[in-house]
Each structure stands twice: as C-alpha cells, then as structure tokens.
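Take a walk through this two-chain model, from the contact between the copies down to single peptide bonds. Keep the sequence and the 3D view open as you read.

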There are 2 protein chains.
Amino acid sequence: MPRIPPAWPGMALADLDTPSLILDLDAFERNLQRLPESLAGRQIMLRPHAKSHKCPQIALRQIALGAVGVCCQKVSEAEAMVEGGVQDVLVANEVVGAAKLRRLAALARQAKIAVCADDAGNVVQLDAAAREFGVTLDVLVEINVGANRCGAEPGEPALKIAQAIATCKNLRYAGLQAYQGGAQHLRKVEERRTAIDAAVAAVERALALIEKAGLPRGKVTGAGTGTYLFEAASRVYDELQVGSYIFMDADYARNDWTESGIPRFEHSLFVWTTVMSRTRADIAIVDAGLKASSVDSGMPRVADSVAEFLKASDEHGVIKVNGAAGLALGDKIKLIPGHCDPTVNLYDYYVCVRGGKVEALWPITARGAVW
Amino acid sequence: MPRIPPAWPGMALADLDTPSLILDLDAFERNLQRLPESLAGRQIMLRPHAKSHKCPQIALRQIALGAVGVCCQKVSEAEAMVEGGVQDVLVANEVVGAAKLRRLAALARQAKIAVCADDAGNVVQLDAAAREFGVTLDVLVEINVGANRCGAEPGEPALKIAQAIATCKNLRYAGLQAYQGGAQHLRKVEERRTAIDAAVAAVERALALIEKAGLPRGKVTGAGTGTYLFEAASRVYDELQVGSYIFMDADYARNDWTESGIPRFEHSLFVWTTVMSRTRADIAIVDAGLKASSVDSGMPRVADSVAEFLKASDEHGVIKVNGAAGLALGDKIKLIPGHCDPTVNLYDYYVCVRGGKVEALWPITARGAVW
C-alpha cells in the first residue's frame, strides 16, 4: 500500500495526482446493469470473474444485481473475496500443492467453495485436504474446449476425472468448467461464434459420456465478455463467468461487436496521467509507463483524443500529439488501458470518480494475490 | 500486502508456495560485489537505480559497498527509500505537478534530494516548492543523449534551463542527467559502444556551452548495466546509475557481453512456479502468468532447462517441455524473468534463499510507487 493514499472523497479530479487508476462510476454502473439486462428472460446464472477487479466492493455490487457469486483464479484471490464478504466462490482453475490445498479447504469452512480439476491424482489430494478440514468441496472437471491450456480432453479423460471425484467422500462432482479463453479476442463476430459452437460441441460430448456413466449432470460454467451471449444461447451452459464487461479495455474495444447482440459496454477504467516532458514538437511524455498500464495486449489508448500512445518504458509513456489539444506540460489526461486485468493488479486503490469529483476509494484487496 | 506472508526464515525452498519471487542471495551478493570491483581504480561515483529493486534493504547494501546514494524515478519511490534509511536520493526524472513538487521538497527536509528538469517553467515551480519548505534542491538538467524521451537538446535549450536553475534562490545547478536508455539492450557490444560515444559527444557539447556561460560544471550522471563501463571510460561521466546488475534478467542476458569488459552478472532473481496442469504430452502449464512475471521484454526463461516458456496469459504460463525432466504435475521450477523491474513491481516481498532454505523476507516497500 502506498504511504499516502492517492486521494480522498470530495477531491476534484483535476487535483488528483498521477498516475492513478480511476473508475468512472457512472459508466461502471451502466456496465454493471447492462450485462444482467442483456440476459433478461434467459435461465442462466451469472458468476462474474473477480480476477478482473480483485475488489470485494465490486463483487458485492455484482451479487446485489443477481450474480450467484464470483469466480477467482487463485486461492489468495478467493481468500480476499471471502474476507470481503463474498459467500460463494468458484476457483475456476486447478489448485496444486499441499499448502494451497489446505488454504482452499480451510476457506470452505467460511464460505461455499468450488474448484476445478483436470488430473486424477490432484483429485485425491483435494479429497485429503477437504477431509483434514472436515469440509465437502464442489469439484468441476475442467475440459479443454479449444483454448489448449488447462483441462482434460472432453472424452474419456474428462469422464475418468469426473468418476474419480464422485468416488471421493469429501468431494462432490459439480459439473464442467468449459471456458474458451482463446475465443474472447478473435476480432470478428463469426470467428468468435464458430469457436463457441466448437466449445459447445465439446461440452455436449463430455456431458453425454458423463450422463451415460450415471453421474449427475452438474452445471456447465464458462464464457467471457467477448462471447457470453453465444454460450447463453447454447442451452448447454448454465453459468457465465464474464469479467471485463465492467471496465472494457482497449483490447476488447478492438473486437467487432456489430450483430453479436452483446451490448456496447463503455470504458469505465482509466489511468490518469500527467504530461511531464514536452521538449519535442509532436511528442508528449507522460508519467505512466508499463508499471502504470499493462502493455501485454497492446498500448493504452488516449481517451477522447487523436493523440496516439506510441510506446511505454518502465515509468514513461511516449505520445504522438497529432495536433491534439490538452497535452501541454502539466496537463492531465486519461488513458484507456490495453488490458484491464493486469493493469488493475498494479494498483492498491480504485479512485472512484463521478461528476469530476472523487466519490470513494475502493481498496484492491486481492492485488498481488498470485498464489 | 498478502494476507499471509509467503514464507518464513528456515523454510525449505521446496516447501515455498508459488508463484513467489525468490532472490538467490549467493548470486545476488556476488553481483553486488562484482560491479564496484569492475570500477576499481577509476574515479567515478556509483549511484545504483532503486527503480529496479524498490527495496531499502538492497539500497543500504549497495551503499555499504561504496555507492553514494541511489536514484529513483518517482517521488513515492524516493519517499520509500528515505523512510528505509537512505540519506541521498537523486530523482533521475522530471517531477511535474504541485502535489508531487511539495512532497519532493518536504522530503528534502529529511535527506539530500536532487531532481532533474528539462523545462524552464518547471524550474520556477521547483523553486517555489523548495522555498515553501525552506530547503535547497539540487537540480540537474536532463539532456537528450539519444533515447529521445525526456530531456532538453544538449545545446542552447539545455543551457537555458541550467541558467534558469542558477538564478533560483532555492535551487542549486548540479549538473547533467545524461542517460542513454535506448542503448542498454542493443545486442552487439559495438552498437552499444557507438551509442555511448554519441551520448558522450552530446554531453561534451552541453558542458562546453555551460562552462562558457560561467556556470559551475556540476556532475554528469547516467549509464545502465548494458553500457556502464563505456561511460566510466569516457572521463566525462562522474556517476553511474546502474540498476539491473544485481538481478540480471533474461532480456539483458540476450546482450552480447564478449569484449565489453563488463563482468558476467549472474541471474539472481527468479519466479518460483508450480506445474499445475499436465494434460498434454509436451506441454506443461505453470501457475505463473503475466501477473507473476512481466512479459513486456519477452517471455521468461526456464532456468537450467531445455524447456521453453511459450506464452503467458494472466495467471498461466505455457511451457514446451522439450523432453526436460522436472516438469511433472506439482513440480516446482525457477523462471528467469524477461524484465526484472516490472516483475519486482508485482510482488510485496523478496523471498531470500541460500542453500535451499529461506534466509529472509525483504519487503518491496516501493512496490506500486508510481506517483
């Protein structure tokens, strides 16, 4: 945590020092509403991914609007969510290693916890940890639906793991984790739709085998901001794990959304930065580099401007002015992060802004929660 | 800070949970020694850059081996260093904006503080802040020596800023900041040498004008791990700002060092990670993605292995096994970060390891100190 908090309620945005991570509350709240509205009439659960925001204050707002709980990627994220008042967490990932398994099982004494597995040996270890802490863990089989990362193949390998879970006394077989992460940023709607059609087919293959083997169906959970209406329309998915819709980063904005049916989520998350050097005619240097805005999915964009963020070094951003106003030395501007999740992970607070004033500071309590 | 510290002294490395940032103390201490040894006999000051480590514990060890103080890039980094016991800090960067200028001037009541400027208006604001806090600030003119980022051109523009500083009652003109950041990762020794020759020529141009105008020479400060012996040999630079030598990341290791005279610094900083999924023959998934090891300068490398880190998503790393042993599910391995500075900025602690055991936890107190 920084020695001095970056802001206090009532402060004018113009006075807020930089770089700071600002959340436009009006745009954020519209995004927050727009997603459940886009699912109105569908029988589907919403379990937003907390890896994007790492903030219980946001998780509780998502739950207040109908979400059944949240997803996390890490046990330490789940700990932060439970500590912040979230009662239902799916660790949508494998948990491997004795120390982590114990922390996961211990957490299940405080909240409803589910986890994924793609290995039969790991299932045995999950069961042992659950037994040690006297809890029952819901375990989903993660299947590979095209992202080629974690996950058992959706045939016999997935069935075997489901059966292994079902035989464990302290585990309950709870369904399939089927997230197609590779589809989310395919630029064309049809590419994304085709990828999700293939994911749905993979889920159906796995479900058929599992039901034939006499196991309960459980739920099917997955999907992201780029595709969630396709999973929702499939009648195979029961639960959606969207994360980025609340913030909408520059990379997601490069997707084509026309005719996807997915609402136009607004940019609500910005890096507030100051022009700190103006020694060349068409170049402005800002005080936000790659320690202030993650560049793994491309450079940030300058909000509402023809100016172009060319490159980032550790603590500096190089902006081509392109004749844009508002880039004199000392001017403060908003950047739209290239990728919201790792950018959020750089900060200790959201500085929440409405009508040009700071309204609240929300601590990012799961920042750095990588283990 | 994480809810539960990642380790405690005496713990076996094998038991350390992942991802963690580990510092091999033996290699680190050899690097720490090797740099001043490589400068033996030269009249040159060493002021290592704390942006790389963000840790007063490391700064104090550098000072104990002869460094005159440290550099920082941000006022908040300087605050963390002074709070941690460092008495002499150069903010090797411009500081713009009323709030930051006040914090900088306030800090100068506690320690010796210097800062850079490349704009005459900024100089006036620096003077006002120094006057408000009753201090005298050392100010260096940053000149552009080829990196084309911040810095005045090393002719009349630089002279004018030096003169502006000299006329201010609460500022002291202290010399030239002349860091060629663009040269550090040029792969060939000769490319780096040529870039530094040009930087030296630029410094000489600026010095000639400044001395002709009757200003004191001040000092010339700059250089990085990739080139510092060239600046040291120039007889123009007085002070070296090397940072990465203590850790040596994968990107720096791709430089050619033969006949540079620069010692072979060892990799001392690693991301400790667990194989968390092994569903495909030649692919291992580890629990360290781009929130655990920065990918802006390329992927991390798997230490001591033919295995290859192919790509990172937020929380996962995809490794091509290439027949390497030690990549079974649950195995823990060391990654060499692609870029040490932003990787350090993801963690709250160095887990310091010697002989396979945790010896200490050093807090990274300037983590997230971007403002």
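The contact between the two chains draws 57 residues from chain A and 57 residues from chain B. Two residues count as in contact if their C-beta atoms, placed from the backbone, lie within 7 Å. This is a predicted model: local features need pLDDT of at least 70, side-chain atom pairs count only at pLDDT 80 or more, and totals for chains, interfaces and linings use all residues. Residues are numbered from 1 along each chain as its sequence is written, while chains are lettered from A and ligands numbered from 1 in the order in which they are written.

Which elements of chain A each supply at least two residues of the side that touches chain B? They are α3 (75–83), β4 (88–94), α4 (98–107), α5 (120–132), β10 (269–280) and α10 (340–344). The names follow DSSP runs, numbered from the N terminus: helices are H or I with at least four residues, and strands are E with at least two. β10(A) gives the most to this side, with 5 residues. By class, the side of chain A that touches chain B holds 21 nonpolar, 19 polar and 17 charged residues. Here Ala, Val, Leu, Ile, Met, Phe, Trp, Tyr, Cys and Pro count as nonpolar, Asp, Glu, Lys and Arg as charged, and the others, Gly among them, as polar.

How are the copies arranged? A turn of 180° and a shift of 0.0 Å along the axis lay chain A on chain B with an RMSD of 0.0 Å. The superposition is by least squares on the C-alpha atoms of residues with pLDDT of at least 70 in both copies. The two copies are thus related as by a two-fold rotation axis. The same surface serves both: 100% of the contact residues of chain A recur in chain B.

Now look inside chain A. It is divided into domain 1 (13–22 + 265–363) and domain 2 (39–248). These bounds come from an automatic or database domain assignment. Taken over C-alpha atoms, the centres of the two domains of chain A are separated by 34 Å. Their contact takes 11 residues from domain 1 and 11 residues from domain 2. On the domain 1 side, α10(A) provides the largest share, 3 residues. That side divides into 6 nonpolar, 3 polar and 2 charged residues.

Next come the helix pairs. In chain A, α3(A) and α4(A) pack at an angle of about 25°, with their axes 10 Å apart. Axes are lines fitted to C-alpha atoms, for helices over the stretch in contact, and angles run from 0 to 180 degrees between N-to-C directions. That makes α3(A) roughly parallel to α4(A). Angles under 35 degrees count as roughly parallel, over 145 as roughly antiparallel, 65 to 115 as roughly perpendicular and the rest as oblique. The crossing of α3(A) past α4(A) is left-handed. A crossing is left-handed if the near helix is turned anticlockwise from the far one by less than a right angle, and right-handed if clockwise. From α3(A), the contact uses Val75(A), Ala78(A), Glu79(A) and Val82(A); from α4(A), it uses Lys100(A), Arg103(A), Leu104(A) and Leu107(A). The contact has 5 nonpolar, no polar and 3 charged residues.

Move to chain B for another pair. The axes of α4(B) and α5(B) come within 8 Å and cross at roughly 50°. α4(B) and α5(B) are therefore oblique to each other. α4(B) passes α5(B) in a right-handed crossing. Leu101(B), Arg102(B), Leu104(B) and Ala105(B) of α4(B) meet Gln125(B), Leu126(B), Ala129(B), Ala130(B) and Glu132(B) of α5(B). This contact divides into 6 nonpolar, 1 polar and 2 charged residues.

Finish with the backbone. Most residues other than glycine have a negative phi, and most peptide bonds are trans. What kind of peptide bond joins Thr18(A) and Pro19(A)? The bond is cis, with omega about -10°. Pro19(A) sits in the segment before β1 (20–24) of chain A. In chain B, the peptide bond from Thr18(B) to Pro19(B) is cis too, with omega near -10°. Arg235(A) is not a glycine, yet has a positive phi of about 60°. Look for Arg235(A) in the loop between α8 (228–233) and β9 (239–240) of chain A.
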